Every structure is written in C-alpha cells, then in structure tokens.
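Me: I would like to learn how to read a protein model feature by feature. Could you take me through one slowly, giving the general idea before the particular case?

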Amino acid sequence: MLHSRPMWARKVGPSALTQPQVFHAANLPVVLHQRATRNGSTQCSAAPSSAAAVCESSVQQRPTSVIRKIRESLVSGEKSAVEITEAYLANLREREPHVRSFLHVSEKALQDAQELDKRIAGGEEVGPLAGVPLGVKDNLCTRDMPSTGGSQILRGYCPPFDATAVAKLRSSGAILVGKTNMDEFGMGSSTEGSAYQVTANPWDLSRIPGGSSGGSAAAVAAGQCAGALGSDTGGSIRQPASFCGVVGLKPSYGRVSRFGLMAYASSLDVVGCFGTSVMDAAILLEAVAGADKNDSTCSPQDVPDYTSNLLPIDGLGSRPLAGIKFGIITETVGDGVDEDVLLAVRQAAAHLESLGASVREVAMPNFSLGLPAYYVLATSEASSNLARYDGVRYGPRAHGEEVMSMYGNSRAQGFGPEVKRRILMGTYALSAGYYDAFYKKAQQVRTVIQRDFKNALQEVDLLLSPVAPTAAYKIGEKVNDPLAMYVGDLMTVNVNLAGLPALVVPCGLAKGGTCGLPVGLQMIGPAFGEESLLRLGHIFEQTLPMSFSAPTLVA
Ligand code: GLN
C-alpha cells in the first residue's frame, strides 16, 4: 500500500507524473550523462546555463542516509576518503558552471582526506562524519577558506578561526569541500542578493534555489556535497530546502552555537543543516549541537541521540503515527498560496492520517503580524550588527577626506542595495521618536506569537504548514520588488520569532520545469523538541511514495 502512487499526484498535473531521476544511486554522485561545457570558474551572472534538466524514469527509492553509506564504505575499506572526496569534487566541478552554488572550493579537501585515510590505516577511531564531503554557508567562519558572507565588504577575508559548528564538523571527521553562495549577510530569499553570483535551482536552471542559504541547498540537491550547513534567521534554511527538494532543519534557538556565524539578527539567527534525508539532517545536528563557552546564548542542555529513534521503515508497523496529533496552521493554507502548494500540503496531511495520526486545522489569528514584526526586529538588529563593517575593523578601506567620510565611502562601496535598505529601515525603527511605534510594538507582537505557538503546541504534537506560498520562481522575477520577496517569508519568520525548531521534508511537486518543482512540508515542534520532530519527519519521509532527486543535467 505504501508504494502505490497517491491520487493527489495525479491531480497536480503532468509534471507530477514523471518520476525524477535518483541522483545518489550507490551513495556517490553519478557523473553527468554527457559532459556539460565548462566555462571556467564561477561568474557574477544571472544568465541561465545552457544545460537542460532531464528527467528519467527510475525505480522509486526511499531516501537513505548518504552519510551512513559513506562512513560504512570508508570503515569497511571499500572506499578511501580520497576516493570519496575525489568523486564529489569531480561532480562539484562538473555541475558548478550550471548551478553556481560555491563561492570557494577548498584546495585542502583532498589533503584532509589523505590525512583521514592515514588515521584509519593507523587503526584510529574515526568520527560519525568520517570522510563525508560537506559544504558550509559562507557566513560561517572557516580558518582555511575565505568567508565573505556573500558581501563585497568581506571580499578576501580569511578568518583566523573556525566557527564552532565548523570546528565540530571537522572533529567529527567531515571533509569540507567549499563555501556556499548566499544572499549578502543572509538578507534575501533567492541568492540574487549575493555580491558574487546567482545560484541556479538544479530542478530548473532558470529558477532561483531560494535563499539565503540557496548555495547550500542547491549543492546538496545537485550532489556536489553530501550535506551542508546553513543559517536561518527567518527561513533561510527551510525555504531553499523546499525549493530544491532536500531536507532542511532549523534547530531551536540556542541548540547550536552561533560563535563564528556572521551576525544578521542575533536574537533570531540559528545554524542548521541540509541533507538528502531526515537521517542525515539528524546526524549533522548531533554533530554540531551543544553548549559552547564562546556563545552564552547556546543552551547547556544535553544533546540527545537524535538518530537511534529513526527506525527502518520495515520495523514501523502499519500505523506508526497512531496517537500523534498534527495541526495545520489555518492562516498558512488560505488565499495567496499557490494551488499546487496547497494540494501538496493537504495530500501530505492525508498521508499522515493514513499512518494513524490525526490532523486538524489550528487557527493562529495573529499569525500575519509576524512578518512586519520580523522585518522591524531583524533590520533593527542588523543595523547594529553591521556597524562593525566600516573599513577599519573589517572590510577594505575607501578614501575619505576625514574619518566620517572614510566610513561612509567604505560602507557605500562595500554593501549591496538590499543590505543598505535594511540598515536604513533598522536605523529608522530604532531612532528616538519611532522606537515605541516600531521596535517596541514589534517586540510585543513577538511575545504574542510566542504565546500563540505555545498554546497551539499544547493541543497538538507538531504544527504543519507550507514553507512558502509558491514553489521556486524565475531568476529576476522578484528582484526589483523587495516587498514581494518579503511576503514569501510569511510562513517561516514566526518560527524564528518564537525560537522553535522546524523541519522541512519534501512532500510533493508543483508544475514547472522539466520534472516538476519540489514543494516542502514544514513541521514545527516545541522548543528543544528536535528528537520527536526528526522521528516524525523520518516516518513521513520514509513512507511517502515519491522520491525527490533533482534531474540530471545534460549539455
Ligand atoms: N528571507 C529572510 C530575510 O531576508 C530570511 C533570511 C534568513 O533567514 N537569513 O530576512
């Protein structure tokens, strides 16, 4: 029964009937069918690549843990870390001219893999991420790679230290293959706000991958790395995960250290992860979570074993969700949401019911207040956080007759238009005379949103919603309309205002592209409820009769 194609897939349209190609066959990335023309290094360009996305019918496969397979093949001696890294790097380079996910590709990855192989040969115990090639969003500091945050003002900046999350990946044995593209300092939803390049969505190269962690999501969807880190201030992990058809996990505020993450809005920022399965997201979270003496907002709560409850599907029985209550947030499934997105989410709900869960709508009447409150609070915090980029403490120094004009010129040259807009908005909201009307009011709304989530999560185990009102849109479609771009964040920002964890799991396909466009289901849990969020998300993912692997690119 679990393998039959559901009715809803037939209703979505012709694209939904096509089985997407499975990319991660045999746990390593496949090589392109035909060599795509290389155009050298990554470019500052929004032009869609000439490669076409091709869908091929494939045997339907349940998402499996790429990370576990890599580690097993390493530990069993079937593959060396060098072989695994070489295969991913070849794939990365092959696809990079089309997808443009990376701002920097590591020159040290193979050397790191060689060292790992030596340690294994010497009988050393290796960590849970041994030999796993991962990407890291460019706003996380890395001591051996530039870290620009997608901004001109940090072009060439090489931090002398690793962010805590990055250091934890390394000590777990991961091989870092590069730094992924992003909207400047995390401000944006498409990667069009990057000072360097626009990343393409591997499902349809003429579309955006989402943002701001679009480079990480696209890299994972394109098989350029096995998993990746991102950051989420208002949806920057969840929305690109949904648009690229991968799993994205935004942890609770304080679950993962922010030390070494370039601050956008410090009361909302979290470090999280992308993978091709819920299991991989769980493995990555376990590796990066936990207390950190360098971040006093990071919780001392123990990190649970997130993976041991993620059982193989055969051990689950026919009604694995019996007794579990889900609530769809009413305000996220109304007007303004694309029909295909609604259909995918409703059918996901029907699937949860078929597994024994109860699903009902939960009204959160204040929900729509979250978006304006977010944009007041996030820009206010950003206006303060970005004061450090002044051509003295950080960033290239522009000429000025005296110190104020030197600051002004450095910032005028270093920041892009969206960052400037937000600094202005934030400065305005914090200025004397406007503070009570904007900043204080937004903080009050934040309290109301937190209370509403708390009440709702006393009635149901998890809340559900779409991730965004549409699937991935065309490059350039919203770039000149910041408000249209902001509205796309409606369904994600409230989760940050409340500091809750949320998981995005692919759940259906909307019309568009050659093979359809992925739609993700957002599952929201109580603070520090990642364990059950991941368990329930895993059951949903493993029983869903569809696979979500990006199409093959053909030149
Ligand atoms: N799109 C949202 C913004 O531009 C969220 C970004 C993020 O989570 N970093 O603020």
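Reply: What follows is a walk through this predicted model, from its overall make-up to some single residues.

Me: How many helices and strands are there in the protein chain, and what share of its residues counts as buried?

Reply: The protein chain has 16 helices and 13 strands, and 62% of its 555 residues count as buried. If one takes the contacts between residues at least 6 apart in sequence, 79% of them join residues at least 24 apart.

Me: Which strands make up the open sheet, and in what order?

Reply: Eleven strands form this open sheet, in the order β2-β4-β3-β5-β7-β6-β11-β12-β10-β8-β9, and the pairing is mixed. Its edge strands are β2 (102–105) and β9 (358–362), each of which pairs on one side only. On average, and with direction ignored, neighbouring strands of the sheet are turned by 30 degrees against each other.

Me: What packs on the sheet next to β2, β3 and β4?

Reply: Helix α3 (residues 81–99) does, touching those strands, and its direction makes about 140 degrees with that of β2. Just beyond, in the loop between α3 and β2, comes R100, whose phi is near 55 degrees, a positive value in a residue other than glycine. R100 has a relative accessible area of 4%, so it is buried.

Me: How do I see the mixed pairing in individual strands, and where do the side chains of a strand point?

Reply: In a regular strand the side chains alternate between the two faces of the sheet. Strand β6 (residues 247–250) can be read in that way, with V247 and L249 pointing one way and G248 and K250 the other way, and all of them are buried. On one hand β6 pairs with strand β7 (residues 270–275) in the antiparallel sense over three bridges, and there G248 stands opposite F274. Three bridges also join β6 to strand β11 (residues 502–510), again running antiparallel, with K250 opposite A502. Strands β3 (residues 133–137) and β5 (residues 227–232), by contrast, run parallel and are joined by three bridges, and L134 of the pair stands opposite G227 in β5.

Me: Which residues of the largest nonpolar core touch the most other members?

Reply: They are L129, L169, F326 and M523, in a core of 110 residues. Helix α8 (residues 278–288) supplies the largest share of this core, with nine residues. M523 shows what such a position looks like: leaving aside its neighbours within four places in sequence, its contacts include F326, L462, L503, V505, L533 and F540. There is also a second, separate core of 45 residues, and V362, A456, V460 and A502 are among them.

Me: Is helix α8 mostly covered or mostly exposed?

Reply: An α-helix has 3.6 residues a turn, so residues three or four places apart point the same way. Helix α8 is mostly covered, with ten of its eleven residues buried, including V278, D280, I283, L285 and V288. Just after α8, G290 takes a positive phi of about 120 degrees.

Me: How should I describe two aromatic rings that lie beside each other?

Reply: A pair of aromatic rings is described by the distance of the centres and the angle of the planes. A search of the whole structure finds 13 aromatic pairs. In one of them, the rings of Y428 and F438 have centres 5.8 Å apart and planes at 55 degrees, so the pair is tilted. Because Y428 lies in helix α12 (residues 417–430) and F438 in helix α13 (residues 436–459), the pair ties together parts that are ten residues apart in sequence. Y428 is partly exposed at 42% relative accessibility, and F438 is partly exposed at 33%. The rings of F438 and Y434 also form a tilted pair, with centres 6.3 Å apart and planes at 35 degrees.

Me: Which residues form one aromatic cluster?

Reply: Y157, F185, Y389, Y394 and F415 do. F185 lies in the loop between β4 and α6 and has a positive phi of about 50 degrees although it is not a glycine; at 2% relative accessibility, F185 counts as buried. The loop between β4 and α6 (214–221) also holds S212, which is joined to G211 by a cis peptide bond with omega of about 10 degrees.

How values were computed
Residues are numbered from 1 along each chain as its sequence is written. This is a predicted model: local features need pLDDT of at least 70, side-chain atom pairs count only at pLDDT 80 or more; totals for chains, interfaces and linings use all residues. Side-chain values use heavy atoms; hydrogens and water are left out. A nonpolar core is a set of buried Ala, Val, Leu, Ile, Met, Phe, Trp, Tyr and Cys residues joined through side-chain atoms within 4.5 Å. Buried means under 20% relative accessible area, exposed over 50%, partly exposed in between (1.4 Å probe, protein chains only). Helices (H or I, at least four residues) and strands (E, at least two) are DSSP runs, numbered from the N terminus. Contact means heavy atoms within 4.5 Å. Two strands pair if DSSP finds at least two bridges between them. Axes are lines fitted to C-alpha atoms, for helices over the stretch in contact, and angles run from 0 to 180 degrees between N-to-C directions. Rings of Phe, Tyr and Trp (its six-membered ring) pair if their centres lie within 6.5 Å; planes under 30 degrees apart count as stacked, over 60 as edge-to-face and the rest as tilted.
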